[in-house]
Amino acid sequence: MTAIGEAISEKVDFILAKIIVIRTKRIKYTCTCCQTLVAALMPAEIIDKGIPTDNLLTEIVAKKFIYHLPLYRQQQLFKTMGVDFSLSTLSDWVAAVGNALAPLAERLKTLLLEQEVIHADETRLNILDNRRGSSIIHGYIWAYASSIHSNVPIIYYDCTDSREGKHAQNILKTFKGKLVVDDYSGYKALFDKYESIIEAGCFTHVRRKFAEIVKVAPHPLAQYFINESAKLYQIENKLKHVTPEQRKHVRKKFAKPILKKLRKWLIKTLSKTLPNTLFARALNHAINRWKSLEIYLNDGNVPIDNNHIERNIRPIALGRKNWLFAGSFAASQLMTNIMSLLATARANGIDPEQWLRETLAVLPTWKYNELDKLLPIKSIQKTECEKNSTSIKPIILYRSGQHR
């Protein structure tokens with residue numbers, strides 16, 4: 001028969017993952033004259049004399065913090081592959097990665113505080129407190145991010161044992177710029193104490209109070225505020241890919257008249273509204289926040305709301321439903337090191353899993369004064385500190401038996 005063509009079909013297949021053992025042989029040599037023994041050095045590792053490779057550590061960490069798969073479920077998966085890792089071993093390995101990434105996370109925080117605009121928000125995290133008989137305490141993860149309009153996307157997380165405002169002050173005490181936050185009282189002391197930090201309000205939080213009223217029952221006045229707010233967001237949607245100066249010019253020309261009209265309406269409507277009602281509270285809240293809400297008009301780097309950081313808190317909430325709690329306060333701090341860098345990689349359009357794999361491979365021998373080259377940020381402005389830095393400091397890595 002004569003071939004006259006070919007029919008090609010394609011199917012998608014899946015190659016199952018498997019565990020392999022990598023054996024490294026190092027030949028030992030001895031000199032019969034001087035009785036000297038020599039052998040090749042072992043390659044540097046994240047865990048000194050540990051058995052997991054960079055690929056295995058990346059797989060465990062990525063499943064936990066990117067895909068929110070708790071360690072006990074991963075333990076079950078490894079059992080089906082013929083390997084029985086104990087839960088404490090997996091926890092030690094995750095802690096080792098968190099400790100090794102600590103210098104990078106600290107550098108990330110330094111770069112964040114150099115930004116002109118920062119978002120901030122917080123969310124709850126249950127922490128196991130072994131000092132109180134394995135009871136659960138309510139800790140908090142504080143999320144900070146560079147402006148959504150910044151060309152240096154940075155996400156940084158910090159874990160504390162309470163929601164007191166002093167924790168935000170501890171992180172932001174050296175910051176000089178505009179802080180985009182909601183109306184949480186924990187930030188108020190920050191603005192009173194540091195004149196260099198200017199409060200920028202979140203229009204979404206103000207609008208949300210009117211939206212809650214409309215959900216219960218039709219309310220023409222509350223709906224009016226929502227409709228006027230929509231006009232402001234229509235303007236913002238057209239300003240995503242312009243320069244800060246262009247954004248500032250358009251806002252003053254089109255958004256400022258809407259805000260001026262809306263403020264007059266708020267004051268006038270409040271005078272005709274019964275006090276202590278939900279609508280009166282929404283009006284009062286908007287009027288009290290108005291000064292901070294108008295900050296974005298005069299700075300093209302300031303966004304209209306705090307939605308950017310709220311979007312970066314959602315993965316924590318999703319993971320929290322699966323993890324249930326952090327094993328200790330020290331573990332939660334190591335966890336935030338990992339989450340900060342993975343979230344920053346995602347914000348920069350970098351594959352976080354691939355970045356982690358490549359970073360763990362080179363981190364044990366990396367020079368301290370070249371840490372910025374490892375950060376998952378596409379563009380970093382060099383600081384004076386970096387320019388003047390010539391010394392090479394060792395990175396203190398995790399060692400077995402420390403800080404589970």
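In this predicted model, helix α8 and helix α9 meet through a set of side-by-side residues. On the α8 side these are Leu 221, Tyr 224, Phe 225, Glu 228, Lys 231, Leu 232, Ile 235 and Glu 236. On the α9 side they are Val 250, Arg 251, Phe 254, Ala 255, Ile 258, Leu 259, Lys 261, Leu 262, Trp 265, Leu 266 and Thr 269. Sorted by class, the contact of α8 with α9 comprises 13 nonpolar, one polar and five charged residues. Helix α8 covers residues 220-237 and helix α9 covers residues 244-271; their axes come within 10 Å and cross at roughly 170°. Because this angle is over 145 degrees, α8 is roughly antiparallel to α9. The crossing of α8 and α9 is left-handed.

A second pair is formed by helix α7 (residues 203-216) and helix α10 (residues 278-288), whose axes lie 9 Å apart at an angle of about 170°. Helix α7 is therefore roughly antiparallel to α10. From α7, the residues His 205, Val 206, Lys 209, Phe 210 and Ile 213 take part in the contact. Their counterparts in α10 are Leu 278, Phe 279, Ala 282, Leu 283, His 285 and Ala 286. Eight residues of the contact of α7 with α10 are nonpolar, two are polar and one is charged.

The third pair consists of helix α14 (residues 329-347) and helix α15 (residues 352-362), with axes that come within 9 Å and cross at roughly 125°. The two helices α14 and α15 are therefore oblique to each other, and their crossing is right-handed. Helix α14 contributes Leu 341, Leu 342, Ala 345 and Arg 346 to this contact, while α15 contributes Pro 352, Trp 355 and Leu 356. The contact of α14 with α15 contains six nonpolar residues, no polar residues and one charged residue.

The table sets out the three helix pairs.

| Helix pair | Axis distance | Angle |
|---|---|---|
| α8 and α9 | within 10 Å | roughly 170° |
| α7 and α10 | 9 Å | about 170° |
| α14 and α15 | within 9 Å | roughly 125° |

Two individual residues may be considered next. Glu 199 belongs to strand β7, which runs over residues 197-200. Its relative accessibility is 18%, so Glu 199 counts as buried, the cut-off being under 20%. The side chain of Glu 199 makes a polar contact of 3.3 Å with that of Lys 188 and a polar contact of 2.3 Å with that of Arg 289. When neighbours within four places in sequence are set aside, Glu 199 is in contact with several residues, among them Leu 179, Val 181, Asp 182, Phe 191, Ser 292 and Ile 295.

Asn 99 is located in helix α3, residues 87-100. With a relative accessible area of 17%, Asn 99 is also buried. Its C-alpha atom is separated by 8.9 Å from that of Ile 338, although the two residues stand 239 residues apart along the chain.

For the protein chain as a whole, there are 16 helices and seven strands. The chain has 404 residues, of which 47% are buried. Among contacts with a separation of 6 or more, 66% join residues 24 or more positions apart. The C-alpha trace spans about 100 × 75 × 50 Å along its principal axes.

Note on methods
Residues are numbered from 1 along each chain as its sequence is written. This is a predicted model: local features need pLDDT of at least 70, side-chain atom pairs count only at pLDDT 80 or more; totals for chains, interfaces and linings use all residues. Side-chain values use heavy atoms; hydrogens and water are left out. Axes are lines fitted to C-alpha atoms, for helices over the stretch in contact, and angles run from 0 to 180 degrees between N-to-C directions. Helices (H or I, at least four residues) and strands (E, at least two) are DSSP runs, numbered from the N terminus. Angles under 35 degrees count as roughly parallel, over 145 as roughly antiparallel, 65 to 115 as roughly perpendicular and the rest as oblique. A crossing is left-handed if the near helix is turned anticlockwise from the far one by less than a right angle, and right-handed if clockwise. Contact means heavy atoms within 4.5 Å. Ala, Val, Leu, Ile, Met, Phe, Trp, Tyr, Cys and Pro count as nonpolar, Asp, Glu, Lys and Arg as charged, and the others, Gly among them, as polar. Buried means under 20% relative accessible area, exposed over 50%, partly exposed in between (1.4 Å probe, protein chains only). A polar contact is a pair of N or O atoms within 3.5 Å; within protein, one must be able to donate a hydrogen and the other to accept it, and residues adjacent in sequence count only if both atoms are side-chain atoms.
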